[in-house]
Amino acid sequence: MKKNKKKISPGIVALYVILVIVVLYYLIPLLVMVSTSFKEESEALKKTWEWIPKPFTFENYVFIIDRYPFLRWTINSIIVTVGTVALTCFTALPAGYAFARLNFRGKNLLFTMCLLTIMIPFYAYMPQLYLLFYRLKMLNTYIGLMIPLSVNAFAIFLFRQFIVAEIPRDIEDAAKIDGCSYWGILFRIVLPLIRPAMTTAVLFTAFKSWNYLMWPLVATSGDKVKTLPVGLAVNVFGVTTGIMHQPPYTIVMAGALLSIIIPVVLFIFLQRFFVRGIVTSGLKQ
Amino acid sequence: MRAKVEGKTAFWFLLPYFFLYTLFFLIPFVTLIPISFTKWNIIGTPKFVGIENYTKLFGDNSFWKALGNTVYYTVLVTIVLTVLGLLLGMLLNLKLKGRIFARTIVLLPYVISSAAAGILWKWIYDKNFGILNSYLRMIGVSSPPGWLSNPKLAIPSIVIMNSWWSVAFNTIVYLAALQGIPEELYEAAEMDGAGSLAKFRFITLPLLRYTTVYVVVLCWANSFQVFDEIYIMTQGGPVESTVTLVFKIFTTAFNNFEIGYASAISAITLILILLASLFQLKMGVFQDEEK
């Protein structure tokens, strides 16, 4: 059993077969998207499936970019994503540090209150939040799209854990003796050391924000601030208007494919951090 | 002196976050219950109607239907994603050639937006021209079903879509847990003559108990809130067979503008989900104590 590893046993062959099937299962839908996006409409409306588009056309992509404010949506998505990440880190880093290192009254209570944002599902306060944004005239604004995700205390939790477990107190004490203020400690000592936790927080917030559907769906009405998922779902896919107003799947798939390029490329390059993030923090959107 | 400085610093460090927290989480959240006792269509002022929304809720067939759909979906998807996550984790943990590539492909769908993933699967499931039915016809199924247009198949079809789209999280968690099991345990068992099945049954499974509780609780809580896939793929149809609680909250609040009623559904849903999660945690911990 142990020595004859060189020989190929039927068990190993079976495992490789399973591995291939698994890879195909997760790959094929993506190939369907790619293949369809280069087809002409008439070819997509055939009852037999062809993998290679004949003729091969870029028309669907041209149509998506010409006909819809696709670039506007993409820029909006980038603005909202970058803003959400910045707002999250800006509020969570000092808060995470305070919970990790400072002593103050009501600390446990406040920390428990933060964790509520992770436990309470968004829908439980979404209608009321909508009313609030409506009153504050913050619907259809970028900041209005950034705030709900930034309120999630996941990053605070992550930073606090990391500071407690990984950053030695001695360095901070030494800095304090040298007359460094807490803000100085935060930016000069903690910030450079917290990079792994920061990477996780940035990555997860960014992916979540980029893919976020529910809140932008209700908080945007015009194309001015509409993000990619909403623009695609409402304008291109026409999910609310029914099949009659939906453009052909060739165009729909071209739009879908364009929208996933950034996250997919980022994921391929940053996979290591992504996996580590899930393992250490355990977070799903 | 020192304590005073720390308190002051803490105040300034917490201020930015708690400003957002109070305004955009706490206030909306604590007004959930009061608003659920009102009738309110956004434009006017809320009118107190007592428990009317709740009595309406209990007589509302579509609420019970939504609750049934949600529980059915959640149970199904939790089982599928937990078992599949474990199996994929085990497969990718083996020292097979190409497993790094395989891992990338398995995890890839996870970063795709619900909008893109949902519409892709709607196309795959398309009754007439989708790839699934094209191949089914090719292998001799004369009239393959409309996966999303058949009320009986719609929810299972969305579960299958999720086995592609969102299993990655469970896979990674299981993979990490499996890598944490010391090799020596298996070697010792092998010396005692344990086969693969025995090793799985007596080493792997017991050691993954905590991981499984964690995966099940998270999966349950997330699936109970299913909305995006429904919104993109079925809009609750056919004949309300995929209307889930959160989808109902959404349409009640933003299509019918019945904020009070939507809040009442939210409140009930919230209680259900917290109870279910608590119950699962208790079960998980309890099982562990028995050991």
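The radius of gyration used here is taken over C-alpha atoms, and the globule rule is 2.2 Å times the number of residues to the power 0.38. The model is predicted.

**Exercise 1.** Set the radius of gyration of chain A against that of a compact globule of 285 residues, and describe the span of the C-alpha trace along its principal axes.

*Solution.* Begin with the rule, which gives a radius near 19 Å for a compact globule of 285 residues, whereas chain A has 24 Å. Then turn to the principal axes, along which the C-alpha trace of chain A spans about 75 × 70 × 30 Å. Finally, consider burial: 40% of the 285 residues of chain A count as buried.

**Exercise 2.** Characterise the packing of helix α4 against helix α11 in chain A.

*Solution.* First place the pair among the elements of chain A, which has 14 helices and zero strands. Next take the geometry: α4 (residues 70-101) and α11 (residues 195-211) pack at an angle of about 140°, with their axes 9 Å apart, and the crossing is right-handed. Then list the partners, among them Thr88(A), Cys89(A) and Ala92(A) in α4(A), which meet residues of α11(A) including Met198(A), Ala201(A) and Trp210(A). By class, this contact has nine nonpolar, six polar and no charged residues.

**Exercise 3.** Locate Phe159(A) within the largest nonpolar core.

*Solution.* Start from the core, which has 154 residues and counts Phe159(A), Ala92(A) and Ile119(B) among those with the most contacts inside it. Then, leaving aside neighbours within four places in sequence, find that Phe159(A) is in contact with Ala92(A), Leu93(A), Gly96(A), Ile194(A) and Ala197(A). Ala92(A) also belongs to the α4(A) side of the helix contact in Exercise 2.

Terms used. Residues numbered from 1 in each chain as written. Chains lettered and ligands numbered in written order. Predicted model: local features only at pLDDT ≥ 70, side-chain atom pairs only at ≥ 80, totals over all residues. Core = buried A, V, L, I, M, F, W, Y, C linked by C-beta atoms within 7 Å. Buried ≥ 20, exposed ≤ 12 C-beta atoms within 10 Å, placed from the backbone. Contact = placed C-beta atoms within 7 Å. Axes fitted to C-alpha atoms, helices over the stretch in contact; angles between N-to-C directions. Helix = DSSP H or I, 4+ residues; strand = E, 2+ residues; numbered from the N terminus. Left-handed = near helix turned anticlockwise from the far one by under 90°. Nonpolar A, V, L, I, M, F, W, Y, C, P; charged D, E, K, R; others polar.
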